[in-house]
Amino acid sequence: MTTFIAVLYIISFALFIYGLMGLTGPRTAVRGNWIAAVGMGIAVIATLLTPGMSNWLLIALGVAIGVVVGVPSARKVKMTAMPQMVALFNGVGGGAVALIAWVEFRTTEGYAHEPAYVAIASLFAAIVGSVSFWGSNIAFGKLQELISGRPITLGKLQQPVNALVLIAAIVFAVVIAVGGDAELLMIGLLIAAGVLGVVVVLPIGGADMPVVISLLNALTGLSAAAMGLALDNTALIVAGMIVGASGSILTNLMAKAMNRSIPAIVAGGFGGGTAVSSGGSGEVRPVRSTSASDTAIQMAYANKVVVVPGYGMAVAQAQHVVREMAKLLEAKGITVAYAIHPVAGRMPGHMNVLLAEADVPYEQLKEMDEINSEFAQTDVALVIGANDVTNPAAETDPGSPIYGMPILKVNHSRSVIVLKRSMSSGFAGIDNELFYDAKTSMLFGDAKSSVGEIVEELKAL
């Protein structure tokens, strides 16, 4: 039986890795998810076959509750709310690890007869899992706008408070590790770690939230791997390390894409504040408006059009009508491409998933480094709901909070048309200098309705 279980684990891990490889592109992502899901199913079966496994009724009840809650939620969630769903599900994983660590503490009488590595790994999992759970819930609240997206800080007390609750959690862990078996110690550890998760994420603004989600996801993976080590559960160790490693790599890549360090983000990010002019003058500057008819004519006589999607497109659910517009342009012999910034939207790959849902060819999706060199040969850059990721202040204004952040250089295009509801700022809370460029025209209104009008005008040409 032991050999059979080991073989099942090996098969499941191979499926994990193969499934993860499928997530590198929209065309193979669904298949990759199914392959990884089959791997997880095999890992669960292997775990249940472990000698000494009991409480089958409770296990079945837990699975049933998870299915009843998870499946309808995942099926009904809108693509615009997917980041919130990811944050929430990730938090549940961290919370589960923290609870398992608590149960292990209770059943072993404070790790009294366990090797030191079991206590250390379990306590680490409890702290990190609790931080991930409560931090993810705060991230969910910010994304769902239940909590203000702007930084909520304690001012000069922020870092001392962060350090204090971290030290408190570590002190509780040390006391338990050296022999303390009072349950209040573990409860105190979980509370201190939970407070740490809250006070660390609250000061982080909306502009940094995609990085926060990725970082918390990595923490959940690391906590699961540590708990697997404590329980001698191979599935938890391998799956947790895969999640932790991939999440860490993604977090680092996204931080680089924003020209921000991870410590700076954790220390308190920017975003969600009142819009201010990046130049600091606060003057009201004129912008040039356009119409759907003029936009259609301008694109119809272009050789190349680059669509720059952002969160505004996601909110309006405009991806399908954007695809229809692109087909009309392609039928006229116009080259169409899509410029994707690494942190456009509210989670990694947000725009890729939305456009893949509308059957946009994967070859037309151009990452920032690839498309930036093409803007100089672009006749029309159509910006749909993107803001901070197109702001030239990131390159020209040293006083801007986004200075140094790599952007999509749409201002190098021969003309720019921005579809937006209003002149409101993005998550960074600053004016977008692109809006005031002499080459830029603003088409105000709901993105889906505006693109729909452009489609009708294109059909009439």
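Select strand E1 (residues 304–309) and strand E2 (residues 335–340): four bridges join them, and they run parallel. Helices (H or I, at least four residues) and strands (E, at least two) are DSSP runs, numbered from the N terminus, and two strands pair if DSSP finds at least two bridges between them. The model is predicted, so local features need pLDDT of at least 70 and side-chain atom pairs count only at pLDDT 80 or more, while totals for chains, interfaces and linings use all residues. Residues are numbered from 1 along each chain as its sequence is written, and side-chain values use heavy atoms, with hydrogens and water left out.

**Stop 1: strand E1 and its partners**

Zoom in on Val305, whose bridge partner in E2 is Val336. Then take Val307, which stands opposite Tyr338 in E2. Now add strand E4 (residues 380–384), which pairs with E1 in the parallel sense over five bridges. Here Val308 has Val383 of E4 as its bridge partner.

Show the surroundings of E1. Six of its six residues are buried, so the strand is largely enclosed by the rest of the structure. Buried means under 20% relative accessible area, exposed over 50%, and partly exposed in between (1.4 Å probe, protein chains only). Lys304, Val306 and Val308 are buried on one side of E1, and Val305, Val307 and Pro309 are buried on the other.

**Stop 2: the whole sheet**

Widen the selection to the six strands of the open sheet, in the order E3-E2-E1-E4-E5-E6, with parallel pairing. E3 and E6 stand at the edges with a single partner strand each, so one side of each is left without a neighbour in the sheet. The twist averages 25° from one strand to the next. Angles here run from 0 to 180 degrees between N-to-C directions, and axes are lines fitted to C-alpha atoms, for helices over the stretch in contact.

Go to the E6 edge. Strand E5 (residues 416–420) pairs with E6 in the parallel sense over five bridges, and Leu419 stands opposite Leu443 in E6. Four of the five residues of E6 (residues 440–444) are buried, so this strand is largely enclosed by the rest of the structure.

**Stop 3: two loop residues**

Select Asp446, in the loop between E6 and H17. What does Asp446 touch, not counting residues up to four places away in sequence? Its contacts on that basis are Ala316 and Arg421, where contact means heavy atoms within 4.5 Å. A distance label between the C-alpha atoms of Asp446 and Leu419 should read 7.9 Å, although the two are 27 residues apart along the chain.

Next select Asn372, in the loop between helix H15 (368–371) and E4. Asn372 is buried, with a relative accessible area of 15%. Leaving out residues up to four places away in sequence, Asn372 touches Ile407, Leu408 and Lys409.

**Stop 4: helix H14**

Select helix H14 (residues 350–357), where His350, Met351, Asn352, Leu354 and Leu355 are buried. The cover over these residues includes helix H4 (82–107), E1, helix H12 (311–316), H13, E2 and strand E3 (365–367). H14 lies across E1, E2 and E3 and runs at about 145° to E2. Just after H14, check the backbone of Asp359, which takes a positive phi of about 65°.

**Stop 5: helices H13 and H17**

Colour helix H13 (residues 319–331) and helix H17 (residues 447–460), whose axes come within 9 Å and cross at roughly 25°. H13 and H17 are therefore roughly parallel to each other. Angles under 35 degrees count as roughly parallel, over 145 as roughly antiparallel, 65 to 115 as roughly perpendicular and the rest as oblique.

Show the side chains at this contact. From H13, Val321, Val322, Glu324, Met325, Leu328 and Leu329 meet Lys448, Val451, Gly452, Ile454, Val455, Leu458 and Lys459 of H17. By class, the contact residues are nine nonpolar, one polar and three charged. Ala, Val, Leu, Ile, Met, Phe, Trp, Tyr, Cys and Pro count as nonpolar, Asp, Glu, Lys and Arg as charged, and the others, Gly among them, as polar.

**Stop 6: helices H5 and H8**

Finish with helix H5 (residues 116–143) and helix H8 (residues 209–231), which pack at an angle of about 155° with their axes 8 Å apart. H5 and H8 are therefore roughly antiparallel to each other. Colouring by class gives 18 nonpolar, seven polar and one charged residues in the contact of H5 with H8.
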